[in-house]
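Take a moment with the sequence and the 3D view below. The report then walks from the empty spaces inside to the residues around them.

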Amino acid sequence: MRGRHFAPFFWVQALGAFNDNVFKNVLLLLVTFVAVPRYGWNPGLVNNIAAGLFILPFLLFSAWGGVLADRLDKQRLIRNLKWLELATMAAAGLAIWWQAYTLLLALLFMMGLQSALFGPVKYAILPQHLSRGSLVHANAWVELGTFLAILLGTLMAGPLAILAGGPWRSVIALVLIAIALVGLVISYAIPAAPPVAGGRIGWRPVSETVAVVRSAWQEKRIFPALLGISAFWFLGACYLTQLPQWTRSVVGGGPGAVSLLLAAFAIGVGLGSLICARLSAGRLEIGLIPLGAAIIGLAGLDFAHHEAISVHPMALGELLIQPRLWWMLADLALIGIGGGLYIIPLYTFIQLRSPEGQRARMIAANNVLNALFMVASALFGILVLGVLSASLSLFFALLASMALIIAIGAGPARPRPLMRITIFVLVHLWYRLRLRGREFIPDEGAAVVVCNHVSFMDALILGGASPRPLRFLMDKPIYESPWLNWFFRMAGAIPVESGRRDPGGMRRALDTVSEALSNGEVVMVFPEGRLTPNGDVQQFRRGIELILSRNPVPVVPAALSGLWGSWSSRRFGAPFTSVPRRFRARVSLTFAEPIPPEEASRANLEATVRALLAASS
């Protein structure tokens, strides 16, 4: 938040989201409470037209925005879009002063156009300015800023709309113009982000939309992530659309209670985003996706079961002393937290896995799909609540069931990431873990990690802390344990039989390690071959040299300290035979720079690990 490569962009996008929602909600309030009575308009028709005018640009122009973001300097594009926002807000201020409500609806389309063109830049610029390890934190802050801006813009719209009925309506124009102007000024502090693709920029919004969605469909790794993000916006749109009706019929409150429920949801998403950044620790954690979806589903089912607090309308002060209202707020906050855990890894996945020259186009395709799913959410509400006359409780229960289906489908599809993040959380609960140097594990390609062996928890700590999945060697008798074999197989463990029991066991294990390294995986090895009996690093065996003779890959040394004396070490006898003596012990895991294979003798590796251990103790 203090760096020039992120902070200016953060404030520009947050102020833009804030201005969007101030303008949109002021317009809806003015149309509903001023224009409809004055001109006899149909309120339902006008509100649906307004929603359509805002969403339509996302369908028509998101793809073109992706082309612009890929083929132009993103810094200049953002500045031009902020100038467009300033012009739109100036026109909106005049329209409010003149009470030209038809013109305001047209300007809502212009604001949607500006947002549609800004969307692809919003996530495509971050990978150009930030390191891979900073993307999760950056996305978390962007999501937090966006949802808080939406909340604050929605809350400010009410008081501003009241001013439109008297001589103070110029205040609305000044607020809209001032916010746009501040965003424009800050945009000039955003560093340059050169184009990543060439080619001519044409004006073909419809054909570009079709082409962008088709290219996203052809990216078999990316398209499921796009659908996952769109599913989140489907659920979010359903919740936000029906919360006012839920507040009226179940909570028994007014606009203040609606704002309170919206605040719980928005703050939950922000907290979930920050928790995601904390748990991810700078890496892409796919395992958080099913976990987040499960939280959305379970909290959603609990939210759906609530009965009416009162049969009579209650003031906000009366509601605040009702325990059931706080229960609902907690459910909505949990739904938001699950949403933050779910959405951040998906956005990060698209940023990291999309081809660099098409990153903005993939995000544009995401915006198109988001708009389609939000339209589908409105149709779903009409079907369930209107045509089928179902209750709101059933409606929200159906939404929760959808989230649980996503969790059940995403978890088994890729079980190892879910298992890794679960281990990471449990390890952090059990130990006060300090991590250093994880960036030395290469982002791509094969590598071997070597570490001293202190306890039976070592593999779990290393596997949970690594930014990439680790394959690790372990004794075959432990691997074949009837209670834990499923876990070791899921984790990708490689069983090793001692030469005395099975002369061919070591050769088969080395064949498996060679195959994993040939596939570009990272393999973790404890070169000592056994747990330390005295807490010191033991002599490294020749197995690491045999591995490197087959596959000359970089070796990343690591050192674990703080586990000697734990119940999983040999300090007080056989591991796990005594009562744990320490809880939340301080444990340090330090990685060093990779050593080239030609320099990675076992003596050199042993000396490096000893030096790391001495420095971290």
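How much space lies in the largest cavity? About 150 Å³. This is a predicted model, and every value here is computed from it.

**Cavities**

A search of the whole structure finds 7 cavities of 30 Å³ or more. Rolling a probe the size of a water molecule over the atoms shows where empty space is left. The lining of the largest cavity is made of 13 residues. Nearest its centre lie Met419, Gly463, Leu470, Phe472 and Ala491. By class, this lining has 9 nonpolar, 2 polar and 2 charged residues. Four elements give two or more residues to it: α16 (415-430), α17 (458-465), β3 (470-475) and α19 (485-491).

**Helix α17**

Look at α17 in the view. Is this helix mostly covered or mostly open? It is mostly covered, with 7 of its 8 residues buried. The buried residues are Asp458, Ala459, Ile461, Leu462, Gly463, Gly464 and Ala465. Gly463 is also one of the residues nearest the centre of the largest cavity.

**Helix α19**

Two residues of α19 are worth a stop. Phe488 is in this helix, and so is Met490. Phe488 has a relative accessibility of 9%, so it counts as buried. Met490 has 28% and therefore counts as partly exposed. The cut-off behind these labels is simple: buried means under 20%, and exposed means over 50%.

Which residues does Phe488 touch, not counting those up to four places away in sequence? They are Met474, Ile478, Tyr479 and Ala493. Arg471 is 17 residues from Phe488 in sequence, and their C-alpha atoms are 10.0 Å apart.

Met490 has its own set of partners. Leaving aside neighbours within four places in sequence, Met490 is in contact with Pro415, Arg416 and Met419. Met419 also lies among the residues nearest the centre of the largest cavity. From Met490 to Ala294, 196 residues apart along the chain, the C-alpha separation is 21 Å.

**Nonpolar cores**

In soluble globular proteins, nonpolar side chains tend to be buried together. How many residues does the largest nonpolar core have here? It has 103. Those with the most contacts inside it are Leu126, Trp246, Val251, Phe303, Phe396 and Leu399. Helix α9 (residues 223-251) gives the largest share of this core, 15 residues. Another core lies apart from it, with 36 residues, including Phe23, Val31, Leu107 and Leu160.

Val251 shows how contacts link places far along the chain. Leaving aside neighbours within four places in sequence, Val251 is in contact with Trp246, Ala257, Leu261, Ile309, Leu319, Leu325 and Met328.**Cysteines and a buried serine**

How many disulfides does a search of the whole structure find? The count is 0. Cys276 counts as buried, at 1% relative accessibility. Cys451 counts as buried too, at 0%.

Ser62 sits in helix α2 (residues 43-71). Its relative accessible area is 0%, so Ser62 is buried. Not counting residues up to four places away in sequence, Ser62 touches Pro57, Ala116, Pro120, Ala364, Asn367 and Val368.

**Three loop residues**

Now turn to the loops. The table lists one residue from each of three loops.

| Residue | Loop between | Relative accessibility | Label |
|---|---|---|---|
| Gln99 | α3 (74-98) and α4 (101-124) | 21% | partly exposed |
| Ser389 | α14 (359-387) and α15 (392-413) | 57% | exposed |
| Arg221 | α8 (205-218) and α9 | 54% | exposed |

What is the phi of Gln99? It is positive, about 55°, although Gln99 is not a glycine. Ser389 has a positive phi as well, near 55°, and is likewise a residue other than glycine.

Arg221 makes contacts across the sequence. Not counting residues up to four places away, Arg221 touches Phe349 and Arg353. Phe349 is 128 residues from Arg221 in sequence, yet their C-alpha atoms are 9.4 Å apart in space.

Conventions: Residues are numbered from 1 along each chain as its sequence is written. This is a predicted model: local features need pLDDT of at least 70, side-chain atom pairs count only at pLDDT 80 or more; totals for chains, interfaces and linings use all residues. Side-chain values use heavy atoms; hydrogens and water are left out. A nonpolar core is a set of buried Ala, Val, Leu, Ile, Met, Phe, Trp, Tyr and Cys residues joined through side-chain atoms within 4.5 Å. Buried means under 20% relative accessible area, exposed over 50%, partly exposed in between (1.4 Å probe, protein chains only). Contact means heavy atoms within 4.5 Å. A disulfide is a pair of cysteine sulfur atoms within 2.5 Å. On a 1 Å grid over the protein atoms alone, a cavity is a set of points where a 1.4 Å probe fits but cannot get out, and a pocket is an open set with protein on both sides within 12 Å along at least five of seven lines; lining residues have an atom within 4 Å of a point. Grid points are joined across faces, edges and corners, and a volume is the space filled by probe spheres set on the points. Ala, Val, Leu, Ile, Met, Phe, Trp, Tyr, Cys and Pro count as nonpolar, Asp, Glu, Lys and Arg as charged, and the others, Gly among them, as polar.
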